[in-house]
Every structure is written in C-alpha cells, then in structure tokens.
Amino acid sequence: MCLAIPAKVLSIEGDNAMIELGGTQREASLMLLEGVSVGDWVIVHAGFAIEKLSEEDAAQTFALLKEIMESGSDEVH
Amino acid sequence: MKFIDEFRDPAAVRALVEKIRRDAGDPPMRLMEVCGTHTASIARSGLRSLLSGAVSLVSGPGCPVCVTPDGYVDAAIALGHKPGITLTSFGDMLRVPGKRSTLEKERAKGIDVRVVYSPLDAVALAAAEPDREIVFLGVGFETTAPAIGGAIRTASDRKLKNFSVLPSVRTIPEAMAILARDPEIRIEGFLCPGHVSVVIGTQPYEELASKHHIPCVVCGFEPLDILLAVSMLLRQKKEGAARVENAYPRGVAPEGNRKAREVIAEVFAPCDTGWRGIGVIPGSGLRISDRYAAFDAERKHGVPVIFAMEDTPCRCGDVLKGKILPPECPLFGKACVPEEPVGPCMVSTEGTCAAYYKYGGGLR
C-alpha cells in the first residue's frame with residue numbers, strides 16, 4: 001500500500017492533476033505539493049502527489065554513485 | 001521508464017555489488033530496512049543473495065498493514081456490521097486477520113466493503129451516496145497520513161456529514177528507536193524508508209544516529225538506490241561514524257514536505273499506539289485531533305479499537321523485529337501461505353513473509 005512511483009503531470013485543473021502512471025492515466029490531488037506544472041514528474045502516493053522529481057535531483061544520485069565508486073576499497077588480502 | 005530504468009542498470013549493479021563485497025568486513029554488517037517496498041524490492045532483485053556474506057539484510061516493521069493489530073480489524077468488522085455503514089479500504093487490508101475473521105470473509109457474509117485507491121475516492125463516495133455512512137480504514141505511516149488528513153480536510157470543507165475515518169496511523173522513527181535499543185536485534189545500520197522521508201525529511205533520524213550511534217541512510221527503491229545506501233552505510237562503519245545521509249536526493253529534501261507535515265499537524269495529534277507483534281510504543285501513533293472529532297469513526301460510532309498482544313503460534317512479531325527470518329516460523333509455507341495467511345506478514349505483497357514465499361530469501 002505504500003507503493004509510490006514516478007508519474008508525469010499531463011494537465012492541471014485547480015488542485016487536481018491528470019497524471020500518467022505506468023502507462024495509465026488517473027487523477028491525483030495536488031493539495032500536498034506547491035508549484036507543480038504540466039510536464040513535471042511527481043511521486044504519487046494514494047492519489048496525492050507528494051514530491052516533485054527533476055533531472056538535477058536524479059543527477060545528484062548519480063554523483064553520489066560516482067563518488068562512492070571512486071572511493072578507495074579495503075586492500076584485498 | 002523515466003526515473004526508474006536508469007537506476008536498474010545491470011552493469012552498474014554488478015560493479016557496485018563487487019565494490020560492496022570488497023569493502024565488507026567480517027562479520028557482515030547487519031542492516032535493517034524498515035519499509036515494505038524496500039523489503040519487496042530487495043527480494044525481487046535478489047539483493048539479499050547477491051550480498052550474502054558481505055552484509056546481512058534484515059527486515060523491520062515496514063508494512064503498515066503488517067503492524068496493524070487484530071483489535072483494529074475486529075473494530076472495523078464490528079463497524080461494518082452496523083446498518084447503513086459502508087467500509088472503504090486499501091485492498092491489502094481485506095485479508096488481514098482479526099481475532100476470528102477478516103474483512104474479506106465478512107464481506108462474503110454481506111457487509112459492504114469497497115476497495116479504493118485513494119482516501120479521496122472514499123470522500124467522493126460519501127458525496128455520491130449521502131444515505132450511507134462511509135468509513136475509510138485509515139491505515140498507514142507518515143507517507144499515507146497526509147493523504148488521510150487531506151481527505152478529512154476535504155470532507156470537512158465540503159461539510160459532508162456521512163464520512164469518517166477509523167484511524168490506524170503510525171510513525172516510524174519511534175519504532176526504529178525501540179528496535180535500535182534491543183540487544184537481541186543488533187542493528188548496525190538503518191536503510192531509512194524513502195517515502196516516509198519524503199514527508200518527514202532527514203532530521204527525525206538524527207537522534208537515532210547520535211544517541212544510539214547507528215548510521216542511517218535514506219534509501220530509494222531501485223536496486224542501485226539500495227546498493228548505494230548499503231555502500232554508504234559500509235563507509236560510515238569503516239570510518240566509525242554514525243550520521244544521517246541521503247542516498248535518495250531525487251525524492252527526499254532534507255526538510256521533507258512542509259505542506260504534508262502541516263496537514264498531519266492540523267488533522268492529527270500524537271498518541272501511544274500498539275504495533276502488532278511489537279507492543280505499545282509511546283508516541284508512535286496519530287489519532288484524529290479534537291478539531292476533526294466529527295470525522296473520527298471510533299468516537300462517532302462508539303467502536304473502540306482495543307489493543308492486546310496476540311496469543312498465537314504465528315511469529316510475525318519476531319519477523320517484524322528482525323529476530324527471525326520467515327522460514328524459521330513453524331507456520332511458514334505450511335499453515336500460512338499467501339492464499340490463506342495466518343499472520344499479517346504473509347498478507348500484503350510488501351510483507352516480509354510474502355516476499356520470502358514469492359522470491360525466496362537467499363542466504364542470510
């Protein structure tokens with residue numbers, strides 16, 4: 001029930017958005033999130049958008065991955 | 001799919017697994033995930049086997065359905081038998097056992113239970129059917145609490161008189177602190193729940209890290225996210241550090257979601273609450289605030305939720321605390337299977353026992 005996956009905002013009317021979620025369209029409430037625009041990616045949980053996703057934020061994860069991959073490992077005995 | 005596929009890149013997964021195996025100490029670092037979606041993702045992607053011998057991944061009480069006490073199911077069933085009441089619920093609550101029955105079995109006997117995707121669907125139903133009393137079974141953690149609160153606020157704004165919520169909302173950091181103090185569990189690091197953290201941010205884990213000296217890393221849900229969090233935890237162990245780090249910055253801002261927290265603060269108030277298999281954890285629950293008492297099904301319909309520790313051979317409690325793995329329960333895969341679950345961990349697809357049953361557990 002805690003499943004929350006990325007969805008794309010297709011249209012907005014007041015506090016409601018039409019989103020595309022894994023190939024299907026459904027409504028989501030924007031009551032819990034400020035500054036959402038058409039074309040944004042959001043995390044939707046139980047019918048509510050709870051966070052915006054951006055390319056820059058995703059890039060941060062890759063930066064973390066790069067940093068960890070380049071950090072030294074223990075000597076192999 | 002955008003924001004998903006790139007975090008499943010097999011070459012990167014292989015490289016990261018190899019790095020973790022190189023960096024791992026002996027004995028393996030013991031890490032707990034406290035989110036059902038992590039449990040399911042780890043099982044589905046076979047990470048427990050891939051990392052066996054390097055890190056030991058144990059599952060905590062990460063599925064809200066799993067920790068909902070049987071007294072809650074009993075109260076919901078009692079409500080459902082009152083005339084004029086329609087229960088609305090997330091689907092995975094229907095087969096959770098109460099003391100004697102489940103909502104699914106009672107539905108077959110005639111009570112009106114409807115599955116909804118969002119608590120707002122229950123509000124819409126109340127508006128569409130003014131002659132029936134619509135009760136939403138408000139089960140969840142901090143991720144779901146704002147949605148339940150938002151539905152209550154919407155019903156209040158629309159002046160609906162026939163909508164209420166039977167609350168069963170729990171907050172995770174208090175449970176993590178209890179588990180962190182338990183010497184039998186011996187947790188050396190937490191994979192903090194990603195979507196709970198979307199709401200609460202990273203600050204609530206600071207006390208766990210500083211007071212209990214346990215490294216905490218907020219973790220996303222794809223294989224690379226989980227491996228990244230594991231490597232960050234290993235790095236902290238190597239440094240002798242215990243701090244809070246964020247391996248899921250695309251989903252979690254350090255301050256969380258302010259608007260969602262405001263809805264929680266407006267609609268709910270903290271309370272002590274019972275967790276199935278664990279017991280009462282002070283301050284780990286959210287009751288409906290007095291301002292919205294008219295929408296509290298417990299008060300409105302006089303059906304109290306009574307918590308008592310279960311007396312059952314089912315060992316879900318020990319599974320939820322990471323003390324045993326599902327196959328160590330005498331009922332696992334025999335008397336208790338997904339089609340006919342005895343304990344809550346076998347009910348939900350995010351339950352630890354269900355994940356083990358479906359995907360196998362791999363080595364510890």
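Which residue in β9(B) stands opposite Val218(B)? Keep that in mind as you click around; we'll get there at the second stop. One thing before setting off: you're looking at a predicted model.

**Stop 1: the five-stranded sheet in chain B**

Select chain B and look for the open sheet of five strands, in the order β2-β1-β7-β8-β9, with parallel pairing. If you're new to sheets, strands pair through backbone hydrogen bonds, either parallel or antiparallel. Now colour residues 55-59, which are β2(B), and 244-246, which are β9(B). These two strands stand at the edges with a single partner each, so one side of each is left without a neighbour in the sheet. Rotate the view to follow the twist, which averages 25° from one strand to the next.

**Stop 2: the opening question**

Next, pick residues 216-218 of chain B, which make up strand β8. Three bridges join β8(B) to β9(B), and the two run parallel. Show the residue facing Val218(B) in β9(B): that's Asn246(B), the answer to the opening question.

While you're here, add helix α2(B), residues 36-44. Helix α2(B) packs on this sheet and touches β1, β2 and β7 (189-192) of chain B. Compare directions, and you'll find about 120° between α2(B) and β1(B).

**Stop 3: an unusual peptide bond**

Zoom in on Asp26(B) and Pro27(B). The peptide bond joining them is cis, with omega at about 0°. Pro27(B) is found in the loop between α1 (10-23) and β1 (29-33) of chain B. It's worth a pause here, as most peptide bonds are trans.

**Stop 4: the six-stranded sheet**

Stay in chain B and find the other open sheet on this tour, with six strands in the order β4-β3-β5-β6-β11-β10 and mixed pairing. Its edge strands are β4(B) at 112-115 and β10(B) at 268-275, each pairing on one side only. The twist here averages 25° from one strand to the next.

Now highlight residues 279-288, strand β11(B). Seven bridges join β11(B) to β10(B), and these strands run antiparallel. Show Phe268(B) and you'll see Ile288(B) of β11(B) standing opposite.

Two helices come next:

- Select 145-157 for α8(B), which packs on the sheet and touches β5 (133-140), β6 (163-170), β10 and β11 of chain B. The direction of α8(B) makes about 160° with that of β6(B).
- Select 172-181 for α9(B), which also packs on the sheet, touching β6, β10 and β11 of chain B. The angle between the directions of α9(B) and β11(B) is about 175°.

**Stop 5: where the chains meet**

Bring chain A into view. How many residues of chain A are in contact with chain B? There are 42, and they touch 52 residues of chain B. Together the two chains bury about 4,200 Å², 66% of it on carbon and sulfur atoms.

Side chains of opposite charge can pair when their charged atoms come close. The count between chain A and chain B is two salt bridges. To see one of them, show Arg235(B) and Glu67(A), whose side chains meet at 2.8 Å, N to O. Glu67(A) lies in helix α1 of chain A and Arg235(B) in helix α12 (223-239) of chain B, so this pair joins two chains. There are also eight residue pairs in polar contact across the interface.

On the chain A side, the elements giving two or more residues are β3 (24-29), β4 (41-45), β5 (48-53) and α1 (55-70). Helix α1(A) has the largest share, with 11 residues. Colour that side by residue type and you get 24 nonpolar, 10 polar and eight charged residues.

**Last stop: Ala46(A)**

Finish in the loop between β4 and β5 of chain A, where Ala46(A) has its place. Its phi is near 50°, a positive value in a residue other than glycine.

Technical notes:
Residues are numbered from 1 along each chain as its sequence is written. Chains are lettered from A and ligands numbered from 1 in the order in which they are written. This is a predicted model: local features need pLDDT of at least 70, side-chain atom pairs count only at pLDDT 80 or more; totals for chains, interfaces and linings use all residues. Side-chain values use heavy atoms; hydrogens and water are left out. Two strands pair if DSSP finds at least two bridges between them. Helices (H or I, at least four residues) and strands (E, at least two) are DSSP runs, numbered from the N terminus. Axes are lines fitted to C-alpha atoms, for helices over the stretch in contact, and angles run from 0 to 180 degrees between N-to-C directions. Contact means heavy atoms within 4.5 Å. Buried area is the accessible area (1.4 Å probe) that two parts lose on being put together, summed over both. A salt bridge is a side-chain nitrogen of Lys or Arg within 4 Å of a carboxyl oxygen of Asp or Glu. A polar contact is a pair of N or O atoms within 3.5 Å; within protein, one must be able to donate a hydrogen and the other to accept it, and residues adjacent in sequence count only if both atoms are side-chain atoms. Ala, Val, Leu, Ile, Met, Phe, Trp, Tyr, Cys and Pro count as nonpolar, Asp, Glu, Lys and Arg as charged, and the others, Gly among them, as polar.
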